[in-house]
Amino acid sequence: MHIDRSEQLDEATRAIGGNGPHRALFFEGVEGVGKTSLLTEVHRRNSDRVTLYVDLAAAYDQSEVLSLIAREASAKGLRMDSFRTLQQRYAELPPITISDSEIKKSNVEIAVSVCGDRKLQNSLLTDELIATLGEARAERAPIVLLDSFEKCQTPMRDWLCQLLSGLLTAPEVTVFLAGRSVPTLSHPDAARRTRSLVLNPFDAAIVEEWIELVGIEDLKGLESVVWRGTAGLPARISEFLSNFSAGEG
């Protein structure tokens with residue numbers, strides 16, 4: 001199904017091309033309103049660029065998000081040697097597991113120390129990733145797409161705000177984020193460099209366009225009925241039309 005988000009896509013084009021004031025766009029809206037589809041369309045329209053997509057709902061922690069971005073960057077031809085070297089060095093630290101029946105002061109101290117080290121390591125890896133992405137030539141400028149922000153819990157949310165603020169300082173990098181809720185950044189230039197765009201449900205005119213596109217003759221003239229039944233949400237409209245088509249066949 002096509003994307004009827006011309007305002008957001010125009011904003012995305014300006015951001016990527018450096019023709020607008022914003023370096024980061026946050027797409028906010030209820031479930032089913034088309035946030036993921038919009039990110040997918042931005043990705044599709046820039047398939048020849050270094051597009052780095054991460055579904056935050058599928059990421060376990062900060063280190064995994066960093067790894068996913070680095071892996072995508074490598075696949076797109078960016079040199080990630082310094083990041084990989086740093087990551088490999090930190091991977092040598094063994095994990096610490098403490099059994100409830102064997103809690104000792106020394107074990108707790110070791111665990112706290114390792115956790116502190118992990119936090120510092122994630123911070124250093126984050127800085128290294130941002131620096132590496134920022135070193136890309138203009139024609140290879142990365143586009144970072146982060147989906148499902150609302151699935152993240154603290155401290156992941158706090159860390160993502162730090163990552164986003166850092167990416168705003170990286171030359172040429174453009175960021176897109178989608179979620180039912182979106183972050184508020186404390187970066188001094190955040191208000192100037194970021195913009196949040198709320199995705200609203202479609203109106204009956206767009207539903208009529210979809211019906212015409214799919215070519216279901218029996219639904220022509222019933223766009224208002226379909227619109228009320230789906231609340232104008234693209235996911236529900238698409239599901240309804242798919243089921244209706246299947247039933248007709």
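Which residues of β3 are buried on one side, and which on the other? Keep that question in mind while the view is set up, and begin with the whole chain.

**The whole chain**

This is a predicted model, in which local features need pLDDT of at least 70 and side-chain atom pairs count only at pLDDT 80 or more, while totals for chains, interfaces and linings use all residues. Residues are numbered from 1 along each chain as its sequence is written, and side-chain values use heavy atoms, with hydrogens and water left out.

Colour the protein chain by secondary structure, and you should find 10 helices and five strands; helices (H or I, at least four residues) and strands (E, at least two) are DSSP runs, numbered from the N terminus. Of the 249 residues of the chain, 43% count as buried, where buried means under 20% relative accessible area, exposed means over 50%, and partly exposed lies in between, with a 1.4 Å probe and protein chains only.

**The sheet**

Select the five strands next, which form an open sheet in the order β2-β3-β4-β1-β5 with parallel pairing; two strands pair if DSSP finds at least two bridges between them. At the edges are β2 (50–55) and β5 (194–198), each of which pairs on one side only. From one strand to the next the twist averages 15°.

Now add helix α2 (residues 35–45), which packs on the sheet and touches β1 (24–28), β2, β3 and β4 (174–179). Contact here means heavy atoms within 4.5 Å. The direction of α2 makes about 165° with that of β3; such angles run from 0 to 180 degrees between N-to-C directions, and axes are lines fitted to C-alpha atoms, for helices over the stretch in contact.

**Strand β3**

Select residues 142–147, which are strand β3, and return to the opening question. P142, V144 and L146 are buried on one side, and I143, L145 and D147 are buried on the other, so that six of the six residues of β3 are buried.

Show the neighbouring strands as well: β3 pairs with β2 in the parallel sense over six bridges, and with β4, also in the parallel sense, over four bridges. Along the pairing with β2, V50 stands opposite P142 and D55 stands opposite D147, while in β4 the bridge partner of I143 is T174.

**The loop after β3**

Move on to the loop between β3 and α6, where S148 lies. Phi of S148 is near 65°, a positive value in a residue other than glycine, and S148 is buried, with a relative accessible area of 11%.

In the loop between β3 and α6 you will also find E150, which counts as buried at 14% relative accessibility. Leaving aside its neighbours within four places in sequence, E150 is in contact with R157, A178, G179, R180 and S181. Continue to P155, again in the loop between β3 and α6; a cis peptide bond joins T154 and P155, with omega about 10°.

From E150, step across to S181, whose place is in the loop between β4 and α7 (190–193). S181 is partly exposed, with a relative accessible area of 24%, and beyond its neighbours within four places in sequence it is in contact with E28, F149, E150 and R157. If you draw a line from S181 to F26, the two are 155 residues apart in sequence and 9.3 Å apart in space, C-alpha to C-alpha.

**Helices α3 and α6**

Select α3 (62–75) and α6 (156–169), whose axes come within 10 Å and cross at roughly 40°. The two helices are therefore oblique to each other, given that angles under 35 degrees count as roughly parallel, over 145 as roughly antiparallel, 65 to 115 as roughly perpendicular and the rest as oblique. Q62, V65, L66 and I69 of α3 make the contact with M156, W159 and L163 of α6.

**The nonpolar cores**

Finish with the largest nonpolar core, which has 41 residues; a nonpolar core is a set of buried Ala, Val, Leu, Ile, Met, Phe, Trp, Tyr and Cys residues joined through side-chain atoms within 4.5 Å. The members that touch the most others are L56, I69, L129, L133, V144, L160 and L167. The largest share of this core, eight residues, comes from α6. Apart from this core lies another, of 17 residues, among them L9, I16, V42 and L145.
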